[in-house]
Amino acid sequence: MKFPGSVLVSLILFVAETAAALCLSGAYRAAGDRMWQWLTLLFALLPCALVQLSLVFIHRDVSRDRPLVLLLHILQLGPLVRCVEVFYIYFHAGRVEEPYVSITKKRQMPKDGYSEEIEKEVGQAEGKLCTHRSAFSRASVIQAFLGSAPQLTLQLYICVLQQEITAARSIFMVLSLLSIVYGALRCNILAIKIKYDDYDVSVKPAAYLCIFMWRSFEIATRVTVLVLFSSVLQIWTLPVVLVNFFVFFFYPWILFWQSKSPFPENIEKALSRVGTTIVLCLLTFLYAGINMFCWSAVQVKLNDPDLINKSQNWYRLTVYYMLRFIENAFLLLMWYVYKTDIYLYVCAPLLVLQLLIGYCMAVLFMLVFYQFCHPCKKLFSSSISEGLLSCFKFLCFICKPPKSTVLMDKAEMKSENTDEAWSSSKTIDSQKGNPHQSVSSNA
């Protein structure tokens with residue numbers, strides 16, 4: 001049975017970041033910065049409440065007679081209780097013979113074009129551990145993008161305005177960045193396991209390393225760009241954030257309305273239509289929060305029974321990174337034009353170049369992951385290099401003018417040249433045909 005290390009990492013990041021947020025908010029209160037205090041508390045407590053709701057929803061505690069567990073979730077101690085339960089199950093597994101086991105069928109990765117199907121017995125303890133791992137993975141994603149990402153942006157913004165990085169704030173920002181990167185990593189692993197649920201997926205350390213570097217560069221540069229832009233053009237920060245958020249929030253709903261599919265009813269039997277709508281809105285809210293800072297490996301598809309798009313769409317990936325690079329470059333250009341005196345001792349061109357190179361490094365590690373380290377790359381219908389090549393050909397085809405227009409332009413130019421040559425030859429012939437006129441003029 002696999003050691004539940006992901007549960008322990010999620011709990012450590014959750015507790016450490018919450019404790020650091022409370023300590024830092026106390027420091028802001030002592031310094032008289034009420035606004036920074038309340039914003040820090042808001043970005044710390046809101047994701048905590050959402051994490052409790054997600055754990056209760058996944059484990060279906062409301063329909064079970066567990067009042068103590070529900071009370072601990074209300075007291076924001078749900079992750080601690082769940083972690084204790086996980087390790088209790090892990091260390092007591094195998095001591096008592098289980099009354100029954102379930103059999104799962106998984107297919108191995110294809111070797112030489114052949115994929116073998118294997119059967120595996122899963123006991124009750126292992127099934128419970130799998131449920132806990134899945135719940136903590138989703139909780140880590142919620143904590144990362146609805147709490148840690150806004151928190152990191154806020155604290156870096158305060159550092160820029162006050163031109164000071166304290167020890168407590170720097171530790172808190174490092175914890176927030178680690179939480180975001182870990183949440184993005186769990187999001188990638190979840191996407192792989194959901195898309196290839198029929199296969200026995202094994203993620204190697206090289207894949208974890210590539211994802212970690214990819215997400216670190218991408219998130220760090222994105223947060224820095226947003227902070228730099230908001231520090232000089234505060235009035236335009238809200239429109240930029242809202243446009244980004246609402247585009248990604250309504251995009252799954254627009255695709256759902258265009259498909260004319262029936263309303264999803266199979267999310268949870270105990271939920272009413274209103275409850276299902278609330279859950280779907282929270283899901284798209286999280287999806288928009290993820291795409292605000294990085295590429296969401298999980299693509300929401302509301303007309304699918306699993307609510308996830310399982311197809312590998314290289315076009316959407318290419319368009320996202322191209323538009324995000326253009327947006328980051330534009331925001332950096334605005335910062336460079338309107339930068340204030342607080343950046344007097346900052347080499348602005350070098351900083352812009354470093355941030356753009358950092359984002360390109362994120363794209364490079366992403367390409368390496370999909371091309372060489374993806375655990376299911378043998379199942380791709382086309383590799384990332386082939387997909388990007390076809391995307392660039394498609395974009396060049398769109399930007400290229402139609403062939404008929406080019407032929408018409410060439411024909412017009414040819415006719416104009418013919419007319420000019422004919423008129424010039426006519427002038428020469430007229431001069432040759434009237435020699436008396438030239439003689440009389442000379443006389």
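This tour moves from two annotated helical segments to a pocket and then to one buried arginine. The structure is a predicted model.

**Annotated segments.** Begin by selecting residues 35-58, one of the stretches that an unreviewed UniProt entry marks as "transmembrane region". The chain is 100% helix and 0% strand there, and the C-alpha atoms at the two ends lie 35 Å apart. Next select residues 235-256, which carry that UniProt label as well. This stretch is also 100% helix and 0% strand, with 34 Å between its end C-alpha atoms. The record's other stretches under this label include 70-91 and 350-372.

**The second largest pocket.** Now select Phe 43, Pro 150, Thr 153, Val 241 and Met 292; of the 27 residues lining the second largest pocket, these are the closest to its centre. The space in this pocket amounts to about 830 Å³. To see which helices supply at least two lining residues each, display helix H2 (34-59), helix H5 (124-162), helix H7 (205-232), helix H8 (234-259) and helix H9 (273-293). Colour the lining by residue type: 22 residues are nonpolar, five are polar and none is charged.

**Arg 133.** Stay with helix H5 and select Arg 133, which lies in this helix. Is Arg 133 buried or exposed? Arg 133 counts as buried because its relative accessible area is 19%, and the cut-off for buried is under 20%. Finally, show the residues around Arg 133: beyond its neighbours within four places in sequence, Arg 133 is in contact with Lys 2, Phe 3, Pro 4, Ser 6 and Val 7.

Key:
Residues numbered from 1 in each chain as written. Predicted model: local features only at pLDDT ≥ 70, side-chain atom pairs only at ≥ 80, totals over all residues. Heavy atoms only, no water. 1 Å grid on protein atoms, 1.4 Å probe; cavity = no way out; pocket = protein on both sides within 12 Å on 5 of 7 lines; lining within 4 Å. Points joined across faces, edges and corners; volume = space filled by probe spheres on them. Helix = DSSP H or I, 4+ residues; strand = E, 2+ residues; numbered from the N terminus. Nonpolar A, V, L, I, M, F, W, Y, C, P; charged D, E, K, R; others polar. UniProt positions renumbered as here; feature names shortened; annotations may be inferred. Buried < 20%, exposed > 50% of the residue type's maximum accessible area, 1.4 Å probe, protein only. Contact = heavy atoms within 4.5 Å.
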